[in-house]
2 protein chains.
Amino acid sequence: MQNAADRLASAIAAVGNPTAMGLDTQRGHLPAEFAPRDESAQEICACILRYNRALLEGMHDLVRVVKVQVAYYEMYGLPGITAFSETLRLARELGYIAIADCKRNDIGATAGAYAKAYLSPEGGFSCDFVTVNPYLGADGIKPFAELAGEYGRGLYVLVKTSNPSGVELQDQPLADGRKVYELMADLVSHWGGGLIGSCGYSAVGAVVGATWPAESTALRARMPHTPFLVPGYGAQGAAGKDLAGCFDPNGGGAVVNASRSLLCAHQKRPELGWLEATRAEAVRMREDITAGFRKGADE
Amino acid sequence: MQNAADRLASAIAAVGNPTAMGLDTQRGHLPAEFAPRDESAQEICACILRYNRALLEGMHDLVRVVKVQVAYYEMYGLPGITAFSETLRLARELGYIAIADCKRNDIGATAGAYAKAYLSPEGGFSCDFVTVNPYLGADGIKPFAELAGEYGRGLYVLVKTSNPSGVELQDQPLADGRKVYELMADLVSHWGGGLIGSCGYSAVGAVVGATWPAESTALRARMPHTPFLVPGYGAQGAAGKDLAGCFDPNGGGAVVNASRSLLCAHQKRPELGWLEATRAEAVRMREDITAGFRKGADE
C-alpha cells in the first residue's frame, strides 16, 4: 500500500504545481452556463456537481490536488451531501488527490466511525486525506492515523490556522515557553512518526496558514517530516512570496489551497470562457508560488 | 423568539430529568425486533431510524433532551446522513430538545454555512443546539452565535472533554497561570454574554466532561451563566456523585448525556422488553443524578 504522502508528492510532481484547487463551490460562483433553473437545493446542487465535474475534467493537466470543503455542501442538506460524496468519488476516479476538508474531531470509537467514513475504501466519503481538529488530543487522532496506515490514506491536523482570531488559543504562550501551536506541532510530528513515506514526509500532515510567513517558516524547520496544507492564499490575503517558508529547498513539503481565486476567476475576466479564465489563474498561481520558493531556495 | 437555554430548562423541568439520551445508535445495539434483514447500509440505517423513532416515542415522559452523534450515521454514507437528518427532525417534532453532536469548526463564511445547516429553520440538519470546537477562536464561534440569537437556537463549545488524552492540550499550563481549558472557559463565557435567557443561562454552553469532578466544579463557579453539556456518564466511568459539581444549587445548569448505558440497557436485562429495560435505566439514571446534586445542595 503506497504511502499517501508519496502519492501526493507524485501528483504534484506530475504537473509541477503544488496547488490544491479548493472546491468550495457556491451558487454565486457558478458561471452562467451552470446557472440553476430554480433555487431549490436539489437544482443548485445538481448544477454545482455538473460544474465540479467540468472543472475537474478541464484542469487535470494543470492541477492534481483538490480540497473539498464540506460546509458548502452540508448547508444544502441531503442534496448537498450527495454532491459532496459524488465530487470526492469523481476527483479520485479522475486521478486527483482528494482532500476532504471536514475538520472532524471526536474520541475513540466515535473518531473511528469518522475515520471509516473518510479513510476506508468502502467509506461513503472515501478520500485521500481528511482534515482533523486536535483539541481532544491523541484520542481524536489515532483512529485516523491507524486507518491512514492501513489503507494508504492521510490526514492534516490543524496547527496554525490562517484566520485572525486563531491566535486567541493557538498563540497563547505556555508555561514551558512554547506557544500552543508549537505544542500542537510537536504532537503532530510525534503522531506522524510511524507513517513517513519514501519522499521523507508523513501521511500525518499539518494545516499551517499562509497568512503567517514567519511562523510557517519556523514550523517548516520544527517539523521536517510533516507535509503542510496551506490555506489563506489569494482571497485571504497571502501571496506567493509569503509561502516560500512552507516549502523545503526542493520545493516539496506543502500544498497550497486556493478556492475563491480559482472559482471566481471567470468573474474577473469575463472576456474569457469560464474554463480559460480558471486555467489562466491556475497558471499565474503556479508561477507565483514556485517563483516564491525558487527565490527562497536561492537565498 | 424564546432563548434556547430557556427552552432547554423548561424541557428538563417538565420531566425532572437532566438527562440527554444519546442516539449514538449502532448496528450492534439494536434490539432483536429491529435487526436488519441484510447488512447493506440502506437496510441497517432503515432499522436504526425505525428504532430511534420507537425510542423517541417510548421515552418522552422520562426524557426530553436527545443528543445525536453524527459520526455513527456518517459512517454509513448517504443512507446514514438521511437517517441522521430524519432523527433530528423527528425528535424536534415530538417535542424533544435536539442536540446535534457534530463538533463543527471553521471560519467566517464557511462557519456560516455550517451554522445555516444546523441552526436555521430551513437547514437540512436543523436542531436546537449544535456542538462546536473552539480551536480557531472567535472566527469559528460568532457565525453560530449569531444564528443562535436570530432563531432561538444554541451551541455547546468544547471546553474540558471527558477523554483521557484531552489533557495533552486542554490541561497545559499557560504563562498567565491559567490552564488552556480555563482560557477557553473564559472565552466561552464572553462569547455567550449577549445570549443569556431569563433562566440565567446563555444559549452558548460548554462541553465539560463528567470524568473530571474537581475541574467541573471549579468551572461551574467560573462560568455561572454557561450551561454545561456533560458527557462521560455511565459507560465512560462517571457516576451521579461525580456530577454534583456541574449543577447549580437549584439543580440547573447542566444536561448529562448517556448513550451506551441507555441504548444497551436491553442487553443487560434480557428479561425485560427492550423499551422497558431502557426506561428502567433512565429512571435509575435520573435518581442517580438528581440524588447527586440534591446531596451537593445539602452540603
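This talk goes through a predicted model with a chain A and a chain B, from the annotation to the interface and then to a few single residues.

I start with what the record says. The UniProt annotation, from an unreviewed entry, reads "domain: Orotidine 5'-phosphate decarboxylase" and covers residues 18–277 of chain A. Over that stretch, chain A is 40% helix and 16% strand. The C-alpha atoms at its two ends are 19 Å apart. The record, again as an unreviewed entry, also lists A:Lys103 under "active site". I will come back to that residue.

Next, the interface. How many residues does each chain bring to the contact? Chain A brings 57 residues and chain B brings 56 residues. As for area, the size of an interface is often given as the accessible area lost when the parts come together. Between chain A and chain B, about 4,500 Å² is buried, and carbon and sulfur atoms give 59% of that.

There are also polar links across the interface. Counting residue pairs in polar contact, with both residues at pLDDT 80 or more, gives 34 between chain A and chain B. Which elements of chain A supply at least two residues each to the side that touches chain B? They are helix H3 (71–74), helix H4 (78–93), strand E3 (97–104), helix H5 (108–119), strand E5 (154–160), helix H7 (167–170) and helix H8 (180–191). Of the elements, H5(A) gives the largest share, seven residues. Sorted by type, the residues on this side of chain A are 31 nonpolar, 17 polar and nine charged.

Salt bridges cross the interface too, and the rule finds four of them between chain A and chain B. One pairs A:Lys103 with B:Asp106, and their closest N and O atoms are 2.7 Å apart.

That brings me back to A:Lys103, the residue listed under "active site". A:Lys103 sits in strand E3 of chain A. Is A:Lys103 buried or exposed? A:Lys103 counts as buried because its relative accessibility is 8%, and the cut-off for buried is under 20%. Setting aside neighbours within four places in sequence, its contacts in chain A are A:Gln69, A:Thr131, A:Val132, A:Asn133, A:Leu158. From chain B, A:Lys103 is in contact with B:Lys103, B:Asn105 and B:Asp106.

Now the chain B residue of that number. B:Lys103 makes a salt bridge with B:Asp101, with 2.8 Å between the closest N and O atoms. Both partners are buried: B:Lys103 has 7% relative accessibility, and B:Asp101 has a relative accessible area of 4%.

Another residue that reaches across is B:Thr110, in helix H5 (residues 108–119) of chain B. B:Thr110 counts as buried, at 9% relative accessibility. Leaving out neighbours within four places in sequence, B:Thr110 is in contact with A:Gln69, A:Ala71 and A:Tyr72. With A:Tyr72 there is a side-chain polar contact of 2.9 Å.

I turn to salt bridges in the whole model. Over all chains, the rule counts 40. In chain A, A:Arg178 pairs with A:Asp176, with the closest N and O atoms 2.9 Å apart. How accessible are the two partners? A:Arg178 is partly exposed, with a relative accessible area of 22%, and A:Asp176 is partly exposed at 44% relative accessibility.

In chain B, B:Arg7 forms a salt bridge with B:Asp128, at 2.8 Å between the closest N and O atoms. B:Arg7 lies in helix H1 (residues 4–15) of chain B and B:Asp128 in the loop between H5 and strand E4 (129–132), so this pair ties together parts that are 121 residues apart in sequence. B:Asp128 is buried, with a relative accessible area of 1%.

My last residue is A:Ile141, in the loop between strand E4 (129–132) and helix H6 (142–151) of chain A. A:Ile141 is buried, with a relative accessible area of 0%. Apart from residues up to four places away in sequence, A:Ile141 touches A:Val132, A:Pro134, A:Leu155, A:Val157 and A:Trp191. One of these, A:Val132, is also in contact with A:Lys103. From A:Ile141 to A:Glu215, 74 residues apart along the chain, the C-alpha separation is 23 Å.

Key
Residues are numbered from 1 along each chain as its sequence is written. Chains are lettered from A and ligands numbered from 1 in the order in which they are written. This is a predicted model: local features need pLDDT of at least 70, side-chain atom pairs count only at pLDDT 80 or more; totals for chains, interfaces and linings use all residues. Side-chain values use heavy atoms; hydrogens and water are left out. Contact means heavy atoms within 4.5 Å. Buried area is the accessible area (1.4 Å probe) that two parts lose on being put together, summed over both. A salt bridge is a side-chain nitrogen of Lys or Arg within 4 Å of a carboxyl oxygen of Asp or Glu. A polar contact is a pair of N or O atoms within 3.5 Å; within protein, one must be able to donate a hydrogen and the other to accept it, and residues adjacent in sequence count only if both atoms are side-chain atoms. Helices (H or I, at least four residues) and strands (E, at least two) are DSSP runs, numbered from the N terminus. Ala, Val, Leu, Ile, Met, Phe, Trp, Tyr, Cys and Pro count as nonpolar, Asp, Glu, Lys and Arg as charged, and the others, Gly among them, as polar. UniProt positions are given in the numbering used here, feature names are shortened, and annotations may be inferred rather than shown by experiment. Buried means under 20% relative accessible area, exposed over 50%, partly exposed in between (1.4 Å probe, protein chains only).
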